[in-house]
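Open the model in your viewer and set it to a cartoon view. This tour moves from the whole chain to a few selections, one stop at a time.

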Amino acid sequence: MATFNVVVAAPEEGRSYPVEVEGQDANRFIGRKIGDEVDGGAVGLTGCTLEITGGSDQAGRPMRGDVSGAGLEDVLVDGGVGFNPERGGERRRISVRGNEVSDATVQINAKVTDTGGESVADRFSEGADEGDDAGDDE
């Protein structure tokens with residue numbers, strides 16, 4: 001069974017929230033591609049819509065939107081995801097993952113495209129408030 005660390009970005013708030021999903025919720029992501037939309041209920045954001053923006057595998061190899069499939073590819077790049085050239089015209093062959101989420105994916109990056117009315121910070125703070133008061137008795 002797949003387990004993913006989903007990093008949910010809230011662009012309006014300028015924050016991101018890491019969420020671990022497993023089981024049936026993780027299966028909602030398998031087979032989806034970069035740019036696809038997913039129901040936010042998979043990460044506890046019922047009524048929200050998420051857009052997959054990228055991800056990486058266990059070795060840290062990034063997913064690239066211009067590489068089809070879920071497997072590893074060695075591609076010659078001159079910039080973009082996975083390579084920052086140090087001088088003009090520099091190109092390098094790097095190993096990247098395709099644009100499809102699979103069992104080999106460990107981290108998925110997603111952004112909130114539709115909040116459904118309530119702010120993302122409020123939704124995530126509802127579950128985090130329990131136990132936050134420990135040590136605040138100064």
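Two residues count as being in contact when they have heavy atoms within 4.5 Å. By that rule, among contacts in the protein chain between residues at least 6 apart in sequence, 55% join residues at least 24 apart. Keep in mind throughout that you are looking at a predicted model.

**Stop 1: the whole chain**

Colour by secondary structure, and you should find two helices and seven strands. Followed from the N terminus, the elements come in the order β-β-α-β-β-β-β-β-α. The C-alpha atoms fill a box of roughly 55 × 35 × 25 Å along the principal axes. Of the 138 residues in the chain, 33% are buried.

**Stop 2: the sheet**

In which order do the strands of the open five-stranded sheet lie? Reading across, you meet β2-β1-β7-β4-β3, and the pairing is mixed. Select 15-22 and 37-39 to see β2 and β3 at the edges; each has a single partner strand, so one side of each is left without a neighbour in the sheet. From one strand to the next, the twist averages 35 degrees.

**Stop 3: strand by strand**

Select residues 3-10, which are β1; eight bridges pair this strand with β2 in the antiparallel sense. To see one bridge partnership, show N5 together with E20 in β2.

Now add residues 105-114, strand β7, which pairs with β1 in the parallel sense over five bridges. Here V7 has N109 of β7 as its bridge partner.

Next, add residues 49-57 for β4, which runs antiparallel to β7 and is joined to it by eight bridges. Show S56 and you will find its bridge partner, Q107, in β7.

**Stop 4: the largest nonpolar core**

In soluble globular proteins, nonpolar side chains tend to be buried together. Select F4, V6, V8, V21, F29, V43 and L45: of the 24 residues in the largest nonpolar core, these touch the most other members. The elements giving two or more residues to this core are β1, β2, β4, β7 and α2 (120-128). The largest share, four residues, comes from β1.

Which residues does F29 contact, leaving aside its neighbours within four places in sequence? Show F4, V6, V21, V38, A42, V43, I52, V101 and I108 around F29.

**Stop 5: a second core**

Finally, select V67, V75, F83 and I94, which are among the six residues of a second, separate core. To finish, turn on the surface: the chain exposes about 8,000 Å², with carbon and sulfur atoms supplying 40% of it.

Note on methods:
Residues are numbered from 1 along each chain as its sequence is written. This is a predicted model: local features need pLDDT of at least 70, side-chain atom pairs count only at pLDDT 80 or more; totals for chains, interfaces and linings use all residues. Side-chain values use heavy atoms; hydrogens and water are left out. Two strands pair if DSSP finds at least two bridges between them. Axes are lines fitted to C-alpha atoms, for helices over the stretch in contact, and angles run from 0 to 180 degrees between N-to-C directions. A nonpolar core is a set of buried Ala, Val, Leu, Ile, Met, Phe, Trp, Tyr and Cys residues joined through side-chain atoms within 4.5 Å. Buried means under 20% relative accessible area, exposed over 50%, partly exposed in between (1.4 Å probe, protein chains only). Accessible areas come from the Shrake-Rupley method with a 1.4 Å probe; for residues, only the protein chains shown count as cover.
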